[in-house]
Amino acid sequence: MIPVLVCEHFGTPLSREQKERLYADGVQWWRLYGLSMRPVPPDWEAFVQYWDDVCETGLEDNVATREVLDIRYIAKPPALPWLPDAVWSMLRI
């Protein structure tokens, strides 16, 4: 889902065929890792319905979720050694 959203917002949206192919590739990787195919929706459209349902009914806001999403203490990326720590602290907010 994330690559599809990135393309929609920052690049060229994927066609239906491209989404189906991306999903099929993901399912193949799932299979290669030896995971159960039981929970895997049969196609892209079914996956989108499953994703929407999980987002609407399965996710919950709780302490553990908030702690994982709290970025206040994330270290400065190694690629930004030139960025002053004070600036990084403000950017994280």
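**Helices, rings and distances in a predicted model**

Biologist: Which helix does I2 lie in?
Modeller: This is a predicted model, so every value here is computed from it. Helix 1 spans residues 2-10. I2 falls in that range, and its place is helix 1.

Biologist: Is I2 buried or exposed?
Modeller: Look at its relative accessibility, which is 55%. The cut-off for this class is over 50%. I2 therefore counts as exposed.

Biologist: How many Å separate the C-alpha atoms of I2 and S89?
Modeller: Along the chain, these two are 87 residues apart. In space, their C-alpha atoms are separated by 27 Å.

Biologist: At what angle do the axes of helix 2 and helix 3 cross?
Modeller: Helix 2 covers residues 16-32, and helix 3 covers residues 44-58. Their axes come within 9 Å. They cross at roughly 75 degrees.

Biologist: What is the name for how helix 2 and helix 3 are placed relative to each other?
Modeller: Take the crossing angle, roughly 75 degrees. Angles from 65 to 115 degrees share one label. Helix 2 and helix 3 are therefore roughly perpendicular.

Biologist: Which residues of helix 3 meet helix 2?
Modeller: On the helix 2 side, the residues are R16, K19, E20 and Y23. On the helix 3 side, they are W44, E45 and F47.

Biologist: How many charged residues does the contact of helix 2 with helix 3 have?
Modeller: Sort the contact by class. Three residues are nonpolar and none is polar. The charged residues number four.

Biologist: Let us take E20. Is it buried, partly exposed or exposed?
Modeller: E20 is found in helix 2. Its relative accessible area is 25%. Buried needs under 20%, and exposed needs over 50%. E20 is therefore partly exposed.

Biologist: Which residues does E20 touch, not counting residues up to four places away in sequence?
Modeller: Leave out the residues up to four places away. Then E20 touches D43, W44 and E45.

Biologist: How far from the side chain of E20 is the backbone nitrogen of W44?
Modeller: Start with the C-alpha atoms. E20 and W44 are 24 residues apart in sequence, yet 5.3 Å apart in space by that count. Now take the backbone nitrogen of W44 and a polar atom of the E20 side chain. Their distance is 3.3 Å.

Biologist: Is K19 buried or exposed?
Modeller: K19 has its place in helix 2. Its relative accessible area is 18%. The limit is under 20%. K19 is therefore buried.

Biologist: With which residues is K19 in contact, leaving aside neighbours within four places in sequence?
Modeller: Set those neighbours aside. The contacts of K19 are then V4, E8, L14 and W44.

Biologist: Now the rings. How many aromatic pairs are there?
Modeller: Two rings pair if their centres lie within 6.5 Å. By this rule, the count is six.

Biologist: What kind of pair do the rings of Y23 and W44 form?
Modeller: Their centres are 6.4 Å apart. Their planes stand at 65 degrees, and the pair is therefore edge-to-face.

Biologist: How many residues apart in sequence are the parts that Y23 and W44 tie together?
Modeller: Y23 lies in helix 2, while W44 lies in helix 3. The pair therefore ties together parts whose separation in sequence is 21 residues.

Biologist: Are Y23 and W44 buried or exposed?
Modeller: Y23 has a relative accessible area of 12%, so it is buried. W44 has 9% relative accessibility, so it also counts as buried.

Biologist: What kind of pair do W29 and Y33 form?
Modeller: Their ring centres are 6.2 Å apart. Their planes are at 35 degrees, so the pair is tilted.

Biologist: Are W29 and Y33 buried or exposed?
Modeller: W29 has a relative accessible area of 53%, so it is exposed. Y33 has 63%, so it is also exposed.

Biologist: Which residues do ring pairs link into a cluster?
Modeller: Y23 and W44 are both in this cluster. The full list is Y23, W44, F47, Y50 and W51.

Biologist: How far apart in space are P78 and Y50, C-alpha to C-alpha?
Modeller: P78 lies in the loop between helix 4 and helix 5. In sequence, P78 and Y50 are 28 residues apart. In space, the distance is 37 Å.

Definitions and conventions. Residues are numbered from 1 along each chain as its sequence is written. This is a predicted model: local features need pLDDT of at least 70, side-chain atom pairs count only at pLDDT 80 or more; totals for chains, interfaces and linings use all residues. Side-chain values use heavy atoms; hydrogens and water are left out. Axes are lines fitted to C-alpha atoms, for helices over the stretch in contact, and angles run from 0 to 180 degrees between N-to-C directions. Helices (H or I, at least four residues) and strands (E, at least two) are DSSP runs, numbered from the N terminus. Angles under 35 degrees count as roughly parallel, over 145 as roughly antiparallel, 65 to 115 as roughly perpendicular and the rest as oblique. Contact means heavy atoms within 4.5 Å. Ala, Val, Leu, Ile, Met, Phe, Trp, Tyr, Cys and Pro count as nonpolar, Asp, Glu, Lys and Arg as charged, and the others, Gly among them, as polar. Buried means under 20% relative accessible area, exposed over 50%, partly exposed in between (1.4 Å probe, protein chains only). A polar contact is a pair of N or O atoms within 3.5 Å; within protein, one must be able to donate a hydrogen and the other to accept it, and residues adjacent in sequence count only if both atoms are side-chain atoms. Rings of Phe, Tyr and Trp (its six-membered ring) pair if their centres lie within 6.5 Å; planes under 30 degrees apart count as stacked, over 60 as edge-to-face and the rest as tilted.
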